[in-house]
Amino acid sequence: MSLINDDLQQLLLNYCEPESELLQHIDRETNLKVLMPRMLSGHYQGRVLSMLSKMVSPKRILEIGTFTGYATLCLAEGLSADGIIYTLDINAELEDMVRANFEKSPLNSKIKYILGDANETLNQLDEVFDIVFIDADKKNNGTYYDLVFDRVRPGGILIVDNVLWSGKVLQEKQDKDTRNITSFNDKIAADERVEKLILPVRDGLFVIRKIG
């Protein structure tokens, strides 16, 4: 899923902040025990998410798609003293692992882990968010974006993962999944309510800033 070669990827890792022991543990356990471990954000993308969060110093973060909790903990690193991150996921099979991972973190009290369909659980939250990270079922990227947009404060940031789709977005003939990604990217490009850019980090991060 990386868009750059292994040697350059290693150089980037050499020049960024190291992973904590807990994040290393989550990475290792995910790769050993969980199907599709490539869904994990990983070291470099995790540091990007952490840096963006620290630059905003958010009071409220929403994450749609917890997986095993790696990105959750990275985003939580930037929370203000009274900050909270809500992380939504539908996969109950991973609940025990995820809760165990969070309990090992000093940030555990700031994390609200909610299981269920995000289309429904999101309606339970009466919050305005400083950062939203969308990393769930890709076909619903546009749906999640529309659902949360009015709940993001002016100047707030939405981040959407996997928007380069292993480079398949460059192909003229696209399968259904790739067309969904391309349609979402086009939707954001045409949205005059936001400033936006794609960072070629891992599988592509769309960073979107709400204007005014």
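Start by selecting F67, which is buried, with a relative accessible area of 13%; the cut-off for buried is under 20%. The model on screen is a predicted one. F67 sits in the loop between strand 1 and helix 4. Its phi is near 55°, a positive value in a residue other than glycine.

Next, select T68, in the loop between strand 1 and helix 4 (70-76). T68 is buried, with a relative accessible area of 0%. Show what surrounds this residue: leaving aside neighbours within four places in sequence, T68 is in contact with I26, T30, V34, L40, L94, M97, V98 and N101.

Now go back along the chain to S57, in the loop between helix 3 (42-56) and strand 1. S57 has a phi near 50°, a positive value in a residue other than glycine. Is S57 buried or exposed? At 41% relative accessibility, S57 counts as partly exposed.

**The sheet**

Color the strands. They make an open sheet of 7 strands in the order 3-2-1-4-5-7-6, with mixed pairing. Which strands stand at the edges? Strand 3 (111-115) and strand 6 (194-199) do, each with a single partner strand, so one side of each is left without a neighbour in the sheet. On average, neighbouring strands of this sheet are turned by 15° against each other, direction ignored. Strands of a sheet pair through backbone hydrogen bonds, either parallel or antiparallel.

Select residues 60-64 and 84-89, which are strand 1 and strand 2; they pair in the parallel sense over 5 bridges. To see the two strands side by side, pick L62, which stands opposite Y86 in strand 2.

Then add two helices. Helix 5 (residues 95-103) lies across strand 2 and strand 3, and runs at about 175° to strand 3. Helix 7 (residues 141-149) packs on the sheet and touches strand 1, strand 4 (129-134), strand 5 (152-161), strand 6 and strand 7 (205-210). The direction of helix 7 makes about 165° with that of strand 5.

**Around strand 7**

Select strand 7 next. How many of its residues are buried? The count is 5 of the 6 residues, so strand 7 is largely enclosed by the rest of the structure.

Look at the pairing with strand 5: the two strands run antiparallel and are joined by 5 bridges. L158 stands opposite I208 in strand 7. Turn to strand 6, which is joined to strand 7 by 6 bridges, again running antiparallel. Here L197 has V207 in strand 7 as its bridge partner. Strand 6 and strand 7 form a hairpin with 5 residues between them. Select R202 in the turn, where phi is positive, at about 50°.

Stay in this part of the sheet and pick V160, found in strand 5. V160 is buried, with a relative accessible area of 0%. Not counting residues up to four places away in sequence, V160 touches I134, N141, F184, G204, L205, F206 and I208.

**Out to the surface**

Draw a distance from V160 to L12: their C-alpha atoms are separated by 21 Å, and the two residues are 148 residues apart along the chain.

For the last stop, select L8, L11 and Y15. They form a nonpolar patch on the surface, with about 350 Å² of accessible area together. Y15 lies in the loop between helix 1 (6-14) and helix 2 (21-33). At 71% relative accessibility, Y15 counts as exposed.

Methods. Residues are numbered from 1 along each chain as its sequence is written. This is a predicted model: local features need pLDDT of at least 70, side-chain atom pairs count only at pLDDT 80 or more; totals for chains, interfaces and linings use all residues. Side-chain values use heavy atoms; hydrogens and water are left out. Two strands pair if DSSP finds at least two bridges between them. Helices (H or I, at least four residues) and strands (E, at least two) are DSSP runs, numbered from the N terminus. Axes are lines fitted to C-alpha atoms, for helices over the stretch in contact, and angles run from 0 to 180 degrees between N-to-C directions. Contact means heavy atoms within 4.5 Å. Patches are made of residues with over 30% relative accessible area and no salt bridge: like charges are joined within 9 Å, nonpolar side chains (Val, Leu, Ile, Met, Phe, Trp, Tyr) within 5 Å. Accessible areas come from the Shrake-Rupley method with a 1.4 Å probe; for residues, only the protein chains shown count as cover. A salt bridge is a side-chain nitrogen of Lys or Arg within 4 Å of a carboxyl oxygen of Asp or Glu. Buried means under 20% relative accessible area, exposed over 50%, partly exposed in between (1.4 Å probe, protein chains only).
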